[in-house]
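Please open the model in your viewer and keep the selection panel at hand, since this tour moves from one selection to the next.

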Amino acid sequence: MPTCPECGGTLELGADLMAHEIVDCPACGTELEVTSVDPVAVALAPEEEEDWGE
Amino acid sequence: MTATHEPPPASHLRTIMKKVKLGLLHSRIRTEEKLLFEAARRRRDIEVVPLPTSKLVLDFDALPVVDVVLDREISQSRALHVLNMFDRTGVRTVNTYDTARIGGDKVLTSARLRQAGLPTPEIRVAFSPDAALRAAEDLGYPVVLKPVDGSWGRLMAKIENRTAAESILEHKAHLSSHYHGVFYLQEFVCKPDRDIRAFVINGETVAASYREADHWLTNAALGAKTSRCPVTPELDALCISACQAVGGDAIAVDLMETEDGFTVHEVNCAMEFKASMACVGADLPDMLIEHCVRVAREN
């Protein structure tokens, strides 16, 4: 199981995980991005940029 | 014995037709994108081609082979460049580059809504803090200052008086992005503690939701509560007109309720619908995917 790069907590992620998916660490709430699904790896999600939106 | 030749059922036709190659342009996979991928992958007439922006190297002469591109890129500037490249090569995009450019710029949006004769808040555009102050005085307080390309309620200001205006405009002039040199001021519209988000797909208002908050900002991204809003003939007609005014295929129209009826204050091209999905009773991901297939087959 991957761990949160912010708090070190264990992440329990679903089987239908996708690359680039955004997940929240259940322990510290940090937003994480799935960088790989096989093997599963996560990194801190990028900070919001000024032109992000709809 | 004479054989009878009845037409095959539509479901069978769908499977024998050439699959539509649906390019799904994205960066982050949020709930919306995940639902869209799932909706597309459930269909046998679609081949999904993920287009993660961070992995793309685009060449005008060798773009990824797709029949249609659905734009779900979270970055407006990145989306515009990709849509422009596909549009130029004849690949249909949802929405088109032109629509995304208009929808991503509040000045252009206001211009199109006004040009179409649709009810929309009064605005002023200025290019210096001094001129913006004059514009605020002209519109009267309170007045709303918005980033011209902003979203999610980011960096919006409700300015109550001249003192606040002077302070906020000075701060804004020192922000880094050149876009903050364009001052978009909008009349403050007195409304209930809610606004309306309506979803228009393929020329039809398919669903709408109220977004309610104790704050003057009612963005779902800021935690507004959503509930179903009936699509009345008046709302439907206005939303369809707003969509046509920006040349949209599939857009979310944001409206406010006033004593004189609805007023359209925003259109959103890469529509976010997570907050509305549970209450509107419409399968928006399925509808978006179906629309993409339709435009790909028509193109």
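For the helix numbering used on this tour, helices are DSSP runs of H or I with at least four residues, numbered from the N terminus. The model is a predicted one.

Begin with helix α5 of chain B, residues 106-115, and move just past its end to B:Gly117, which takes a positive phi of about 75 degrees. Within the helix itself, select B:Lys106, B:Thr109, B:Ser110, B:Arg112 and B:Leu113, which are buried. If you turn the view to look down the axis of α5(B), these buried residues fall within an arc of 165 degrees, so they line one face of the helix. Which elements does that face pack against? The buried residues of α5(B) pack against the helices α4 (97-103) and α8 (233-245) of chain B, and also against the strands β5 (123-126), β6 (143-146), β8 (183-187) and β13 (261-268) of that chain.

Next, colour chain B by domain: domain 1 takes in 10-102 together with 289-298, domain 2 runs over 123-187, and domain 3 covers 191-281. Between domain 2 and domain 3 of chain B, whose C-alpha centres lie 24 Å apart, the contact takes four residues from domain 2 and five residues from domain 3. On the domain 2 side of this contact, the residues divide into two nonpolar, one polar and one charged.

Now widen the selection to the whole of chain B, which has 10 helices and 13 strands. Its radius of gyration is 21 Å, close to the 19 Å that the globule rule gives for 299 residues, so chain B is as compact as a globular protein of that length. Along the principal axes, the C-alpha atoms of chain B fill a box of roughly 90 × 45 × 35 Å. Buried residues account for 41% of the 299 residues in this chain, and, among its contacts between residues at least 6 apart in sequence, 67% join residues at least 24 apart.

Then bring chain A into view, where 11 residues are in contact with 23 residues of chain B. By class, the side of chain A that touches chain B has three nonpolar, two polar and six charged residues.

Finish within chain A at A:Ala43, which is found in strand β3, residues 40-44. Is this residue buried or exposed? A:Ala43 is exposed, because 12 other C-beta atoms lie within 10 Å, and a residue counts as exposed at 12 or fewer. Leaving aside residues up to four places away in sequence, A:Ala43 touches A:Pro5, A:Leu32, A:Glu33 and A:Thr35. For a last distance, pick the C-alpha atoms of A:Ala43 and A:Ile22, which are 21 residues apart along the chain and separated by 9.9 Å.

Conventions
Residues are numbered from 1 along each chain as its sequence is written. Chains are lettered from A and ligands numbered from 1 in the order in which they are written. This is a predicted model: local features need pLDDT of at least 70, side-chain atom pairs count only at pLDDT 80 or more; totals for chains, interfaces and linings use all residues. Two residues are in contact if their C-beta atoms, placed from the backbone, lie within 7 Å. Ala, Val, Leu, Ile, Met, Phe, Trp, Tyr, Cys and Pro count as nonpolar, Asp, Glu, Lys and Arg as charged, and the others, Gly among them, as polar. Domain bounds come from an automatic or database domain assignment. Helices (H or I, at least four residues) and strands (E, at least two) are DSSP runs, numbered from the N terminus. A residue is buried if 20 or more other C-beta atoms lie within 10 Å of its own, exposed if 12 or fewer, and partly exposed in between; C-beta atoms are placed from the backbone. The radius of gyration is taken over C-alpha atoms; the globule rule is 2.2 Å times the number of residues to the power 0.38. The arc is that of the directions from the helix axis to the C-beta atoms.
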